[in-house]
Amino acid sequence: MDITGKDLMRAASAVAKSLVSRVPGLGEAIAGWDAYKQSLFERNVKKVFYLLQEKVDNLENFIRDEWISTKEGEQFVRKVFDATFDEQLQDKQDFFINALVNGVNDQTTGQLEKLKFIDILRHLSRSALIVLGEIHNMFKDQVRGPGRKPDPIQSFPIVDAGNIAEKLSDKYDPYLVTSAISEMESQGLFSRTGEWIQDPITKRYRPGGGFSTALCYTDFAARFVDFISGPQKMQAAC
């Protein structure tokens with residue numbers, strides 16, 4: 001009989017609980033904790049599917065989508081649900097459900113990018129996501145990228161933390177804004193390259209402009225916002 005790592009972990013956990021339960025008072029506490037965790041998980045599942053029902057017209061048809069049954073689809077859905085059911089990430093469930101729906105319906109975004117977006121969403125705090133929504137509203141019309149039509153007179157949108165914090169100071173503490181921007185920068189949402197242009201012959205991309213030190217709000221960041229947003233964009237989820 002093969003014994004997996006999960007089997008060993010379950011066995012070790014059972015032995016530990018058995019030993020600790022002999023300590024006066026702890027047995028009842030452990031039983032209560034297990035019941036609480038099970039109840040919490042069940043409530044979590046109900047909430048997730050309630051949110052999902054709000055996002056799709058027909059939940060049964062959505063679940064039966066052909067792409068979900070593919071290897072890539074299964075990988076993506078598992079990754080999203082793994083994050084959605086994580087108790088530490090519950091305050092971002094609405095964003096994960098948006099990403100799930102968009103990821104299944106979007107046939108143009110590549111698999112690696114979809115998975116990367118989920119990783120970014122895991123690492124950004126909800127407060128950072130809310131600030132990102134504000135930044136997106138500021139710069140979305142200036143973003144350069146495929147399918148976008150920015151004002152040709154305007155330069156690349158510059159992410160100046162101090163300037164953005166000042167503009168948003170009527171809503172949020174400036175230190176919170178600058179901290180949130182640092183989170184986004186660490187996840188690669190901003191770049192000194194303002195645009196990448198594809199060569200029609202080689203199909204390779206080359207930098208199409210940017211700055212030596214200043215950071216730009218990028219098409220990548222804008223696509224991430226679209227990916228985790230509902231029909232009414234980020235504001236609806238915030």
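What follows is a short chat about a predicted model.

Me: How many helices and strands are there in the protein?
Reply: Eleven helices and four strands. The model is predicted.

Me: And what share of the residues is buried?
Reply: Of the 238 residues in the protein, 36% are buried.

Me: What about contacts, how much comes from residues 24 or more positions apart?
Reply: Taking contacts with a separation of 6 or more, 68% are between residues 24 or more positions apart.

Me: Ok, the nonpolar core. Which residues in the largest one touch the most other members?
Reply: F76, L100, M184, L189, Y217 and F224 do, in a core of 52 residues.

Me: Which helix gives the most to this core?
Reply: Helix α5, residues 93–105, with seven residues. As a general point, nonpolar side chains tend to be buried together in soluble globular proteins.

Me: What is L100 in contact with, leaving aside its sequence neighbours?
Reply: Beyond four places in sequence, L100 has contacts with L52, F62, F76, V77, V80 and F81. F76 is itself one of the core residues that touch the most other members.

Me: Switching to pockets. How much space is in the largest one?
Reply: About 250 Å³. It is lined by 15 residues, and the closest to its centre are W196, T218, D219, F220 and R223.

Me: Which elements give two or more residues to that lining?
Reply: β1 (190–191) and α10 (219–227). α10 gives the most, with three residues.

Me: What is the lining like by class?
Reply: Five residues are nonpolar, six are polar and four are charged.

Me: R223 is among the residues closest to the pocket centre. Which residue in α6 does R223 pair with?
Reply: E113. The two side chains form a salt bridge, with N to O at 2.8 Å. E113 sits in helix α6 (residues 111–123) and R223 in helix α10, so the pair links distant parts of the chain, 110 residues apart.

Me: Does R223 count as buried or exposed?
Reply: Neither; R223 is partly exposed, because its relative accessible area is 29% and the partly exposed class runs between 20% and 50%.

Me: Which residue within α10 does R223 bridge to?
Reply: D219, with the closest N and O atoms 2.3 Å apart. Both residues lie in helix α10, four residues apart, which is about one turn of the helix. D219 counts as buried, at 11% relative accessibility.

Me: Which residues end up in one network with those?
Reply: E113, R148, D219, R223 and D226, joined by salt bridges that share partners. The whole structure has eleven salt bridges.

Me: Where do D226 and R148 sit?
Reply: D226 is in helix α10, and R148 is in the loop between α7 (126–139) and α8 (161–167), 78 residues away in sequence. Their side chains meet in a salt bridge at 3.9 Å, N to O. Both ends are partly exposed: D226 has a relative accessible area of 27%, and R148 has 26%.

Me: Same loop, V159. Is V159 buried or exposed?
Reply: Buried, with a relative accessible area of 10%. V159 is in the loop between α7 and α8.

Me: What does V159 touch?
Reply: I164, I181, F190, L215, C216 and Y217, not counting residues up to four places away in sequence. Y217 is also listed among the core residues that touch the most other members. The C-alpha atoms of V159 and F139 are 9.2 Å apart, with their positions 20 residues apart in sequence.

Me: Now the strands. Where is I197, and what does I197 touch?
Reply: I197 is in strand β2, residues 196–198. Setting aside residues up to four places away, I197 touches R204, Y205, R206 and G208. I197 is partly exposed, at 31% relative accessibility.

Me: How far is I197 from P146 in space?
Reply: 8.7 Å, C-alpha to C-alpha, although they are 51 residues apart in sequence.

Me: Last one, K203. What is its phi?
Reply: Near 70 degrees, a positive value, and K203 is not glycine. Most residues other than glycine have a negative phi. K203 is in the loop between β2 and β3 (205–207).

Me: Is K203 buried or exposed?
Reply: Exposed, with a relative accessible area of 51%.

How values were computed
Residues numbered from 1 in each chain as written. Predicted model: local features only at pLDDT ≥ 70, side-chain atom pairs only at ≥ 80, totals over all residues. Heavy atoms only, no water. 1 Å grid on protein atoms, 1.4 Å probe; cavity = no way out; pocket = protein on both sides within 12 Å on 5 of 7 lines; lining within 4 Å. Points joined across faces, edges and corners; volume = space filled by probe spheres on them. Nonpolar A, V, L, I, M, F, W, Y, C, P; charged D, E, K, R; others polar. Salt bridge = Lys/Arg side-chain N within 4 Å of Asp/Glu carboxyl O. Buried < 20%, exposed > 50% of the residue type's maximum accessible area, 1.4 Å probe, protein only. Core = buried A, V, L, I, M, F, W, Y, C linked by side-chain atoms within 4.5 Å. Contact = heavy atoms within 4.5 Å.
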